[in-house]
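Visitor: I would like a close look at a single part of this model, followed outward into its surroundings. Please take the time to connect the details.

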Amino acid sequence: MKEFDTIAAVSTSLGEGGISIIRVSGDKALEVVARVFKGKNNREIKDIKSYSMRYGFIIDKIKDEVIDEVIVSYMKGPKSFTAEDTVEINCHGGVVATNKVLNEVIKSGARLAEPGEFTKRAFLNGRIDLSQAEAVIDIIRAKTDLSMKSAIKQSQGKISKEIDNMRQELLAFIAHIEATVDYPEDDLEEVTSMKVKCKLKGIIDKIDRLLSTADEGKMLKEGIKIVIVGKPNVGKSSLLNALLDEKRAIVTDVPGTTRDVIEEYINIEGIPVKLIDTAGIRETENVVEKIGVEKSKEKIEEADLIILMLDLSRNLDKEDQEIIEYIKNRKYIVLLNKSDLHRNIESNELNELESKFLIDVSVKTGEGLEEIKNCIKDLFFKGEIKTEDIYITNNRHKEVLIRARESLSSAVDTLLHVEAIDLASIDIRNAWSSLGEITGDTVEENIIDKIFSEFCLGK
């Protein structure tokens, strides 16, 4: 079967580098590599010990010539990442050398691995559960130390333990209800109903606690998308450069210099923040600038937070008011730039906006830049960024928890209003099954395939 083929793929990034690693996994991994490996002094690798390495060469079998000088390591299953026999070939980095070595391994009997197939095998072989497998891709894609730490905690089974404990409790409730139904007594059913109802509410509280971390967890993993908007020449590109601490956007006194969207990441205390500098929003006849303005409006719709920049040294005009109207029902911060100049904006002109989100800044001198970061923390993390209690960073997990909570709420409602307690066990079973989707105990095969298809090749 396909799941038991010996597979191979490049596990390092393709490109120039000191070393590339070709990973081979499966029952015939050692046999496959032995066909193309020639050790120093003609030493073979069939007798290699687990967790040891051997120096030699990869040989083109047909031409009988050396392809590359390599070091081969061997990990015997189940004590390997995939829980299968695994061989890793350390060859020279570079696209040509790496691909030639991989091609010889494929020709000698291995199959090219699909995206995520090594991690999928670790899951299918029981070495990790599904939530730990999903954490692997989060580790690879982590943009900050904080998001990396959160992913590592999940890979170590932190969320799995929480879910397993809840599922064990639910299983005990189901058994208790069924025993009561099978051996009825006058008062036993009522006692069981009260006891289970109380404990179910406790599990609902645990699910609520996990769900309460979902929004922060998602931002920790994916970052906050912030769009900088305003009229041309109010300092949007200068702000981007100041926050990045580099000259990323072109800055001139000519209105309309930024014609396209510029996107960059910054790190605010471990939170990845995607900053998007947009073209100035105004009426224009220039075709290129008009396209940029439309893109700016599209980005506003996608943003988690909008930073509106106004020129404090000039009175608000119709274009400023139109932008304010456009963003006032969204999450926003308003920066009154050029605070080093004479103030011409009147306070009553800003009555429509919340004062706590109005910040006087001078991008030129750096005044107010730190306050922007503090305001972002207040808006999204209640002023303090913590990772100890953040578990849920995955939308799939969030959806499963919501379904499980609905089933448990339905069970509690049944126990409150219906005398037949066995009806509640149906909803409890549904909740138990839903929670199993997080760890992979009850998940459907097509969902598993979809999750691993999003992985990179070689992992």
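In β10, which residue is the bridge partner of Ile262?

Guide: The bridge partner of Ile262 in β10 is Asp277. Since this is a predicted model, a word on confidence belongs with that answer: the protein averages a pLDDT of 82, and 85% of the residues score at least 70. Over residues 249–259, however, the pLDDT is below 50, although this stretch has 31 contacts in the model beyond near neighbours in sequence. Where pLDDT is low, the predicted coordinates should not be read in detail.

The pairing you ask about is one of seven bridges that join β9 to strand β10 (residues 271–277), and the two strands run antiparallel. They belong to an open sheet of six strands with mixed pairing, whose order is β9-β10-β8-β11-β12-β13. Strand β9 (262–268) is an edge strand, as is β13 (358–360), and each of these pairs on one side only. From one strand to the next, the twist averages 25°.

From the sheet we can turn to the nonpolar cores. The largest of them has 51 residues, and those with the most contacts inside it are Leu239, Leu310, Leu335, Ile372 and Ile376. Helix α12 (residues 369–381) supplies the largest share of this core, namely seven residues. If neighbours within four places in sequence are left aside, Ile372 is in contact with Leu239, Ile307, Ile333, Leu335, Ile359 and Val361. A second core, separate from the one just described, has 30 residues, including Ile204, Tyr391, Ala411 and Ile421. In soluble globular proteins, nonpolar side chains tend to be buried together.

For context, there is also an open sheet of seven strands, again with mixed pairing, in the order β3-β4-β5-β6-β2-β1-β7. Its edge strands are β3 (37–39) and β7 (111–112), each of which pairs on one side only. Within this sheet, strand β5 (residues 65–75) and strand β6 (residues 86–92) run antiparallel and are joined by five bridges, and the bridge partner of Tyr74 in β6 is Val87. Helix α3 (residues 117–124) packs on the sheet, where it touches β1 (7–10), β2 (19–25) and β7, and its direction makes about 135° with that of β1.

A search of the whole structure finds two aromatic pairs. One of them is formed by Phe123 and Phe452, a tilted pair with 6.2 Å centre to centre and 35° between the planes. Phe123 lies in helix α3 and Phe452 in helix α15 (residues 445–453), so the pair ties together parts that are 329 residues apart in sequence. Phe123 counts as buried at 12% relative accessibility, and Phe452 is likewise buried, with a relative accessible area of 2%.

Some loops of the seven-stranded sheet also deserve attention for their backbone geometry. In the loop between β5 and β6 lies Pro78, and the peptide bond that leads to it from Gly77 is cis, with omega near 5°. Tyr51, in the loop between β3 and β4 (52–60), has a positive phi of about 60° although it is not a glycine; Tyr51 is exposed, with a relative accessible area of 52%. Asp64, found in the loop between β4 and β5, also has a positive phi, of about 55°, without being a glycine, and Asp64 is exposed at a relative accessible area of 64%.

Technical notes:
Residues are numbered from 1 along each chain as its sequence is written. This is a predicted model: local features need pLDDT of at least 70, side-chain atom pairs count only at pLDDT 80 or more; totals for chains, interfaces and linings use all residues. Side-chain values use heavy atoms; hydrogens and water are left out. A nonpolar core is a set of buried Ala, Val, Leu, Ile, Met, Phe, Trp, Tyr and Cys residues joined through side-chain atoms within 4.5 Å. Buried means under 20% relative accessible area, exposed over 50%, partly exposed in between (1.4 Å probe, protein chains only). Helices (H or I, at least four residues) and strands (E, at least two) are DSSP runs, numbered from the N terminus. Contact means heavy atoms within 4.5 Å. pLDDT is the predictor's confidence in each residue, from 0 to 100. Two strands pair if DSSP finds at least two bridges between them. Axes are lines fitted to C-alpha atoms, for helices over the stretch in contact, and angles run from 0 to 180 degrees between N-to-C directions. Rings of Phe, Tyr and Trp (its six-membered ring) pair if their centres lie within 6.5 Å; planes under 30 degrees apart count as stacked, over 60 as edge-to-face and the rest as tilted.
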